[in-house]
Amino acid sequence: MQMQRHVVDYGLQRRALLSDFRAGRLGRKDVCDADPYLLRAAKFHGEPTDTQCPVCLSPAMTLVSWVFGDELKHVAGSAKTPAELARMAGLFGEFTVHQVEVCAECRWNHLVLSYVLGTGTSRRSSQRTAGQ
């Protein structure tokens, strides 16, 4: 497993949201709002977990990892599998990963964790232009 840096756990935020939902302060539509793009990413790039959905109790939760960073160029903002993350960690100096848990049954989704991956040294970007 690659070395995660600057880890932020969103567990407290998740518990507060679920507490509000269970107390009736939020409706199911407020917490189960995954868009079709996120559901597709969970299907094709997600990592199945043994975690039960906190809303519908489905056993089929999935973790989706989204990558962001200046060095990533056109790849930034896309979902990646764990194998792709491991490969990218050795290729790029620094990028951020946001892990989102998704339930395909009820559309629950929540940011679980964010962290930084990479070699720690910035790659030199080419200064070439289109005509070179």
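Biologist: At what relative accessibility does R107 stand, and does that count as buried or exposed?

Modeller: The model is a predicted one, in which local features need pLDDT of at least 70 and side-chain atom pairs count only at pLDDT 80 or more, while totals for chains, interfaces and linings use all residues. Residues are numbered from 1 along each chain as its sequence is written, and side-chain values use heavy atoms, with hydrogens and water left out. Buried means under 20% relative accessible area, exposed means over 50%, and partly exposed lies in between (1.4 Å probe, protein chains only). R107, at 35% relative accessibility, therefore counts as partly exposed. R107 sits in the loop between β5 (95-103) and β6 (109-117), and its phi is near 75°, a positive value in a residue other than glycine.

Biologist: Which phi does L57 have, although it is not a glycine?

Modeller: L57 has a positive phi of about 65° and lies in the loop between β2 (47-48) and β3. With 52% relative accessibility, L57 counts as exposed.

Biologist: How many helices and strands does the protein chain have?

Modeller: Helices (H or I, at least four residues) and strands (E, at least two) are DSSP runs, numbered from the N terminus. The protein chain has four helices and six strands, and along the sequence they follow the pattern β-α-α-α-β-β-β-α-β-β. The C-alpha trace spans about 60 × 30 × 25 Å along its principal axes, and buried residues make up 38% of the 132 residues.

Biologist: Which strands does β3 pair with, taking β5 and β4 as cases?

Modeller: Two strands pair if DSSP finds at least two bridges between them. Eight bridges join β3 to β5, and these two strands run antiparallel; M61, for instance, stands opposite C103 in β5. β3 also pairs in the antiparallel sense with strand β4 (residues 78-80), over three bridges, where A79 in β4 is the bridge partner of W66. β2 and β3, again antiparallel, are joined by two bridges, and P48 stands opposite T62 in β3. As for cover, seven of the eight residues of β3 are buried.

Biologist: How many aromatic pairs does a search of the whole structure find?

Modeller: Rings of Phe, Tyr and Trp (its six-membered ring) pair if their centres lie within 6.5 Å, and planes under 30 degrees apart count as stacked, those over 60 as edge-to-face and the rest as tilted. The search finds two aromatic pairs. Y37 and W66 form a tilted pair, at 5.7 Å centre to centre and 35° between the planes. Y37 lies in helix α3 (residues 36-45) and W66 in strand β3 (residues 61-68), so this pair ties together parts that are 29 residues apart in sequence. Y37 is partly exposed, with a relative accessible area of 48%, whereas W66 is buried, at 10%. The rings of F92 and F95 have their centres 6.3 Å apart and their planes at 80°, so that pair is edge-to-face; F92 and F95 are both buried.

Biologist: How many residues has the largest nonpolar core?

Modeller: A nonpolar core is a set of buried Ala, Val, Leu, Ile, Met, Phe, Trp, Tyr and Cys residues joined through side-chain atoms within 4.5 Å. The largest core here has twelve residues, among them V67, M88, F92, F95 and Y115, and the elements that give two or more residues to this core are α4 (82-91), β5 and β6. With contact meaning heavy atoms within 4.5 Å, M88 touches V67, L72, V75, K80 and F95, not counting residues up to four places away in sequence. A second, separate core of ten residues includes L18, V31, C32 and M61.

Biologist: Why is the sulfur of C106 in no bond with the closest cysteine sulfur?

Modeller: A disulfide is a covalent bond between the sulfur atoms of two cysteines, and the criterion applied is a pair of cysteine sulfur atoms within 2.5 Å. The sulfur of C106 is 3.6 Å from the closest cysteine sulfur, in C53, which is too far for a bond. The structure holds zero disulfides. C53 is buried, with a relative accessible area of 1%, and C106, at 8%, also counts as buried.
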